[in-house]
Amino acid sequence: MTYVVSAPDIASVAVADSEARFPIHRIYCVGRNYAAHAREMGADDREPPFYFAKPADAIVPDGTAIPFPPATQNLHHEIELVVAIGRAGSDIPVDRAHEHVYGYGVGVDLTRRDLQLAAREKGRPWDMSKGFDNSAPCAAIHPADQVGHIDDAAIWIKVNGETKQDSNVSKLIWNVSETIAHLSALVHLQPGDLIYTGTPEGVGPLVAGDQVHGHIDGLGDLHFSLS
Ligand code: MN
C-alpha cells in the first residue's frame, strides 16, 4: 500500500509479562458509571450508560511524564478499570460478554473539566474535553485467562501520595458484562477496542509537577507525572 502522507503507527498498550503488545483500535469511555460520581456531577444515578471516545493514540504508557495539556485551567483525574476487547461481536448477551474480554488494565481518563462543563452547558460534544492528546494513561493489560474477571476489586488513586479516589469496581452501576452488552448493540466491537468503564467519586484537579499513582487490586499500578 502506498499512502500520500506518512501513515500513523498502530497505537498499542503493553501486556503484562509479555513482549507482545495489545493493538488499539478504538477507545470508548462510559460516562457516570458509579452512583456517587454521578451525584457529584449533578446527575441521577440509574440512567442507561452513555459513551464518548478518545483517539487510539491518546494512550499513554505507564511511567510517562505527560506534558501538562493546553487549553485548560482544570485538568481532572478519573481512575478507571479498562477492559480490553479480544473478540469481535454485536448484540453480545450479558452472560456471554466475558468471552469477548482479552484482559483488564488500570487507566486514567484525563479530563479538561472546564471545557467539559462549558460544553455540557451548551449541549456541545465532549471531544475536546475528553479526547485530547495524552488523555488516556493506561498500564499494562493483564490477560483475563491469567487474572480472571475483575468484578470485585479495590480501585484508588493517589496524587502526591494523598488518596483522592477510593472505591471498588463492584460499585459500577453498569458492570463490565452489562456495558459490553449495551455498547455492542451500538457498535460492532472489535479486537483492539478498549473500554474505560467510568470513575468513582473523588475526581479532582491535577497541576504540573503532580505525581499520580493509580491502582486496581489484581491489576497492579499505574504511575505518571505531569510536567
Ligand atoms: Mn471517565
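**Strand pairing, metal site and cavities in a predicted model**

Reader: Which residue in E12 stands opposite Tyr104?
Author: Tyr104 has its opposite number in E12. In this predicted model, strand E12 (residues 142–143) is joined to E9 by two bridges, and the two strands run antiparallel. The residue of E12 that stands opposite Tyr104 is His142.

Reader: How many of the eight residues of E9 are buried?
Author: A residue counts as buried when its relative accessible area is under 20%. E9 is largely enclosed by the rest of the structure, because the number of its residues that meet this description is seven of the eight.

Reader: Which residue in E9 stands opposite Glu80?
Author: E8 is a partner of E9, and the two pair in the antiparallel sense over seven bridges. Within E9, the residue opposite Glu80 is Gly107.

Reader: Which residues are the protein donors of the manganese ion?
Author: The spacing of the donors along the chain is E-x1-E-x28-D. They lie 2.0 to 2.2 Å from the ion, two through OE atoms and one through OD. The donors are Glu78, Glu80 and Asp109.

Reader: How many residues apart in sequence are the parts that Glu78 and Asp109 tie together?
Author: Glu78 is buried, and Asp109 is buried too. Glu78 sits in the loop between strand E7 (75–77) and strand E8 (79–85), whereas Asp109 sits in the loop between strand E9 (101–108) and strand E10 (111–112), so the separation of the parts that the pair ties together is 31 residues.

Reader: Which strands stand at the edges of the open sheet that contains E7?
Author: The sheet has three strands in the order E10-E7-E16, with antiparallel pairing. E7 and E16 are joined by three bridges, and one bridge pair consists of His77 and Gly204 in E16. Each edge strand has a single partner, so one side of each is left without a neighbour in the sheet; these strands are E10 and E16.

Reader: Which residues are the closest to the centre of the largest cavity?
Author: The structure holds two cavities of 30 Å³ or more, and the largest has about 90 Å³ of space. It is lined by 14 residues, and those closest to its centre are Gly31, Arg32, His37, Glu78 and Lys130.

Reader: Which elements give two or more residues to the lining of the largest cavity?
Author: By class, this lining is made up of four nonpolar, four polar and six charged residues. The elements that give two or more residues to it are strand E3 (27–31) and helix H2 (113–122).

Reader: How many charged residues are in the lining of the second largest cavity?
Author: The second largest cavity has about 70 Å³ of space. Of its 13 lining residues, the closest to the centre are Gly31, Arg32, Glu47, Pro48 and Phe50. The lining also divides by class: six residues are nonpolar and two are polar, while the number of charged residues is five.

Reader: What radius of gyration does the protein have?
Author: The protein has five helices and 18 strands, and its C-alpha trace spans about 45 × 40 × 35 Å along the principal axes. Of its 227 residues, 50% count as buried. A compact globule with 227 residues would have a radius of gyration near 17 Å, and the value for the protein agrees, being 17 Å.

Note on methods
Residues are numbered from 1 along each chain as its sequence is written. This is a predicted model: local features need pLDDT of at least 70, side-chain atom pairs count only at pLDDT 80 or more; totals for chains, interfaces and linings use all residues. Side-chain values use heavy atoms; hydrogens and water are left out. On a 1 Å grid over the protein atoms alone, a cavity is a set of points where a 1.4 Å probe fits but cannot get out, and a pocket is an open set with protein on both sides within 12 Å along at least five of seven lines; lining residues have an atom within 4 Å of a point. Grid points are joined across faces, edges and corners, and a volume is the space filled by probe spheres set on the points. Helices (H or I, at least four residues) and strands (E, at least two) are DSSP runs, numbered from the N terminus. Ala, Val, Leu, Ile, Met, Phe, Trp, Tyr, Cys and Pro count as nonpolar, Asp, Glu, Lys and Arg as charged, and the others, Gly among them, as polar. Donors are N, O and S atoms within 2.8 Å of the metal (3.2 Å for Na, K and Ca); water is not among the atoms, so sites may look incomplete. Buried means under 20% relative accessible area, exposed over 50%, partly exposed in between (1.4 Å probe, protein chains only). Two strands pair if DSSP finds at least two bridges between them. The radius of gyration is taken over C-alpha atoms; the globule rule is 2.2 Å times the number of residues to the power 0.38.
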